Amino acid sequence: MFNIFNIRMMKKILILLLLVAPMSLFAQQKFGYVNSSEIIQLMPEFSKAQKEIQELEKMYTDEFNSMRTELEKKGAEFEKMQKDSVPENILKHRYEELMQLDERLRAYGQEVSANLQKAEQEKMLAIQTALRNALDLVGKEGGFVCIFDLAGGIPYISNTLCEDVSALVKAKLGIAANAVPAVKK
């Protein structure tokens, strides 16, 4: 009876150890979290990229407006020619010019949209790469198993089980720990 009792007790202890051991290993793991959206807005590269995109957009807009003004001017001339009884072949020629100019304006608008989108994607890729590199460094140096991104829509992060590593990532990126994103106007 004493042996059976010891064997049963040892089995219970063994099962308890098997259940508790993984929990204690899990508790030793470090998890962190950041808000990448906030950090990106604080990066000097982001401000620079926004400024460059705005300047590029202004250049495209100015050119587009110039083309549109030319189209409107030629359209007004065409309407005047129609009222002045200009020969049909000249009207036809001017109408074709107007249609070509209109088509060029539309094509240019589509090209501008594609070029702006491409420029923005290229600039954001460089910014995201810098952020990813900083996250990798913080993760390796801090011994984190995983760093979650709150901007990605994670439903719940325990502040007691996870560490906010935003300040460490900001430091790797050369951003002051107390910096806050600028409010857009």
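Reader: How many salt bridges does the count come to here?

Author: Start with the general idea: side chains of opposite charge can pair when their charged atoms come close. To count as a salt bridge, a side-chain nitrogen of Lys or Arg has to lie within 4 Å of a carboxyl oxygen of Asp or Glu. By this rule, the count comes to eight salt bridges. Keep in mind that this is a predicted model.

Reader: Okay, let's take one. Which side chain meets glutamate 52 in a salt bridge?

Author: That's lysine 48, with an N to O distance of 3.9 Å. The spacing along the chain is worth a look too. Glutamate 52 and lysine 48 sit four residues apart in helix α3, which covers residues 44-83, so about one helical turn separates them.

Reader: And are these two buried or exposed?

Author: Read the relative accessible area: buried is under 20%, exposed is over 50%, and partly exposed is in between. Lysine 48 has 53%, so this residue is exposed. Glutamate 52 has 28%, so this one is partly exposed.

Reader: Which residues are linked with Lys48 and Glu52 in a network of salt bridges?

Author: Lys48, Glu52 and Lys123 are the linked residues. Try finding all three in the structure above.

Reader: What does the salt bridge between glutamate 72 and arginine 68 look like?

Author: The side chains of these two meet at 3.8 Å, N to O. Glutamate 72 and arginine 68 are four residues apart in helix α3, so they are separated by about one helical turn. Arginine 68 counts as partly exposed because its relative accessibility is 36%.

Reader: How far apart, N to O, are lysine 80 and aspartate 84 in their salt bridge?

Author: The distance is 3.0 Å. Lysine 80 is exposed, at 52% relative accessible area, while aspartate 84 is partly exposed, at 44%.

Reader: Now charges without a bridge. Which residues gather in a patch of positive charge on the surface?

Author: A patch is made of residues that have over 30% relative accessible area and no salt bridge, with like charges joined within 9 Å. Here the positive patch brings together Lys73, Lys74, Arg94 and Arg104. The elements giving two or more residues to this patch are α3 and α4, the latter being residues 88-142. Take lysine 74 as an example: this residue lies in helix α3 and is partly exposed, with 31% relative accessible area.

Reader: Let me step back. How many helices and strands are there in the protein chain?

Author: There are five helices and three strands. To see their order, read along the sequence: the pattern is α-β-α-α-α-β-β-α.

Reader: What share of the residues counts as buried?

Author: Of the 185 residues in the protein chain, 23% count as buried. For the outside, look at the accessible surface, which comes to about 13,900 Å². Carbon and sulfur atoms account for 58% of that surface.

Reader: What do contacts say about residues far apart in sequence?

Author: Take the contacts between residues at least 6 apart in sequence, and ask what share spans at least 24. In this protein chain, 81% of those contacts join residues at least 24 apart. You can also compare distance in sequence with distance in space. Glutamine 128 and phenylalanine 46 are 82 residues apart in sequence, yet their C-alpha atoms are 9.7 Å apart in space. Glutamine 128 lies in helix α4 and counts as partly exposed, at 41% relative accessibility.

Definitions and conventions. Residues are numbered from 1 along each chain as its sequence is written. This is a predicted model: local features need pLDDT of at least 70, side-chain atom pairs count only at pLDDT 80 or more; totals for chains, interfaces and linings use all residues. Side-chain values use heavy atoms; hydrogens and water are left out. Buried means under 20% relative accessible area, exposed over 50%, partly exposed in between (1.4 Å probe, protein chains only). Contact means heavy atoms within 4.5 Å. Accessible areas come from the Shrake-Rupley method with a 1.4 Å probe; for residues, only the protein chains shown count as cover. Patches are made of residues with over 30% relative accessible area and no salt bridge: like charges are joined within 9 Å, nonpolar side chains (Val, Leu, Ile, Met, Phe, Trp, Tyr) within 5 Å. Lys and Arg count as positive and Asp and Glu as negative; His and the chain ends are not counted. The place of a charge is taken as NZ of Lys, CZ of Arg, CG of Asp or CD of Glu.
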